[in-house]
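Student: Please take one part of this model and go through it closely. I would like a connected account that starts from a single residue and works outward.

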Amino acid sequence: MEQPDAVPEVRRAATRPAHRPDGAEELEQLLLRHIRDVPDFPTPGVLFKDIAPLLADGPALAAVIGALAERYAGRVDGVVGIEARGFVLAAPLAVALGVGFVPVRKAGKLPGPTLVGSYALEYGTASIEVQTDAFAPGQRVVVLDDVLATGGTAEAACELVERAGAQVMEVAVLMELGFLAGRQRLAGRSVHTLVTA
Ligand code: AMP
């Protein structure tokens, strides 16, 4: 026999947008299901967090972008994506928010005057760039990437964005690798992660 409260629950489910999970915990589970662990990639000893399954799943991708859009609606007037997987997330977020997208790219890819930031890797250094005229003065942005590992990339990106005249409201990533303590590197900054591994 049908439970008395079954009908209202079904109605609630039917009126809820399919791409919007109920809350942070549901979103966490969704991300854990759609981010694949690839051992020893790109080098031995690294456990690579592959977001390709998430990108390939329309409702899952929409849920993630929807959750981020809900968080940043009215709070930012630009979205910065870090090359390359950050681009894939930042562009749809910018569209959802009705604001612009700015790429932070690996050195040598952007035309015209640029600002360059360098940061240390385990071996050697890496450089990233942003165009000098990318932002309006004081523009409020969220800096977005897929994974926060040691935090070096995000820290360098934030410094670059600020040197270009914008204001970093928050750093957002889908997944934070807690054991690498990237958050400490970003001390003093607001960091938002959808799931921690
Ligand atoms: P980090 O500067 O150490 O925080 O590294 C972050 C950048 O490297 C991000 O752009 C990530 O896409 C990438 N990255 C670092 N470690 C991983 C990992 N284990 N799985 C996937 N991407 C990673």
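Tutor: Start with alanine 166. Neighbours within four places in sequence aside, alanine 166 is in contact with Gly78, Phe135, Gln139, Val141 and Val161. This is a predicted model. Alanine 166 sits in the loop that links α6 to β8. The residue is buried: the cut-off is 20 or more other C-beta atoms within 10 Å, and alanine 166 has 25. Glycine 138 is 28 residues away along the sequence, yet the two C-alpha atoms are 4.7 Å apart. Just after α6 comes glycine 165, with a positive phi of about 100°.

Step back into helix α6 itself. The helix covers residues 152–163, twelve in number. At 1.5 Å a residue the expected span is 16 Å, and the end C-alpha atoms lie 17 Å apart, so the two figures agree. Its buried residues are Thr153, Ala154, Ala156, Ala157, Cys158, Leu160 and Val161. An α-helix has 3.6 residues a turn, so residues three or four places apart point the same way.

Take alanine 157 next. Sequence neighbours within four places again aside, alanine 157 is in contact with Val80, Ile82, Val104, Ile128 and Val143. Alanine 157 also belongs to the largest nonpolar core, which has 49 residues. Val79, Val80, Val143, Ala157 and Val161 are the members that touch the most others. Helix α4, residues 58–72, gives the most to this core, with seven residues.

Now the sheet. Seven strands form an open sheet in the order β5-β6-β4-β3-β7-β8-β9, and the pairing is mixed. The edge strands are β5 (114–120) and β9 (191–196); each has a single partner strand, so one side of each is left without a neighbour in the sheet. On average, neighbouring strands are turned by 20° against each other, direction ignored. Helix α2 (residues 24–34) packs on this sheet and touches β8 (167–176) and β9. The direction of α2 makes about 65° with that of β9.

Within the sheet, β3 (residues 78–82) and β7 (residues 140–148) pair in the parallel sense, over three bridges. Valine 79 has valine 142 as its bridge partner in β7. In a regular strand the side chains alternate between the two faces of the sheet. Helix α5, residues 85–97, lies across β3, β4 (100–106) and β7. The helix runs at about 170° to β3.

Valine 95 belongs to α5. Valine 95 is partly exposed, with 14 other C-beta atoms within 10 Å. Its C-alpha atom is 9.3 Å from that of alanine 69, a residue 26 places away along the chain. The loop between β3 and α5 holds alanine 84. The peptide bond from glutamate 83 to alanine 84 is cis, with omega near -5°.

At one edge, β5 runs antiparallel to β6 (residues 125–131), and seven bridges join them. Threonine 114 has glutamine 131 as its bridge partner in β6. The two strands form a hairpin with four residues between them. In that turn, glycine 124 has a positive phi of about 85°.

Return to β7 and α6, this time for the ligand. There are 17 residues around the ligand, and Lys49, Ala149, Thr150, Gly152 and Thr153 come nearest. β7 supplies the largest share of this shell, four residues. β2 (47–50), β7 and α6 each give at least two. Thr153 thus appears twice here: among the buried residues of α6 and among the residues that come nearest the ligand.

Next, the loop between β1 and β2. Proline 42 lies there, between β1 (36–39) and β2. A cis peptide bond joins phenylalanine 41 to proline 42, with omega about 0°. Aspartate 40 lies in that loop between β1 and β2. Aspartate 40 is not a glycine, yet has a positive phi of about 60°. Aspartate 40 is exposed, with 10 other C-beta atoms within 10 Å. Most residues other than glycine have a negative phi, and most peptide bonds are trans.

Finally, the whole chain. The protein chain has seven helices and nine strands. Of its 197 residues, 34% count as buried. Among contacts between residues at least 6 apart in sequence, 57% join residues at least 24 apart.

Key:
Residues are numbered from 1 along each chain as its sequence is written. This is a predicted model: local features need pLDDT of at least 70, side-chain atom pairs count only at pLDDT 80 or more; totals for chains, interfaces and linings use all residues. A nonpolar core is a set of buried Ala, Val, Leu, Ile, Met, Phe, Trp, Tyr and Cys residues joined through C-beta atoms within 7 Å. A residue is buried if 20 or more other C-beta atoms lie within 10 Å of its own, exposed if 12 or fewer, and partly exposed in between; C-beta atoms are placed from the backbone. Two residues are in contact if their C-beta atoms, placed from the backbone, lie within 7 Å. Two strands pair if DSSP finds at least two bridges between them. Axes are lines fitted to C-alpha atoms, for helices over the stretch in contact, and angles run from 0 to 180 degrees between N-to-C directions. The expected span of a helix is 1.5 Å times one less than its number of residues. A residue is near a molecule or strand if its C-beta atom, placed from the backbone, lies within 6 Å of it.
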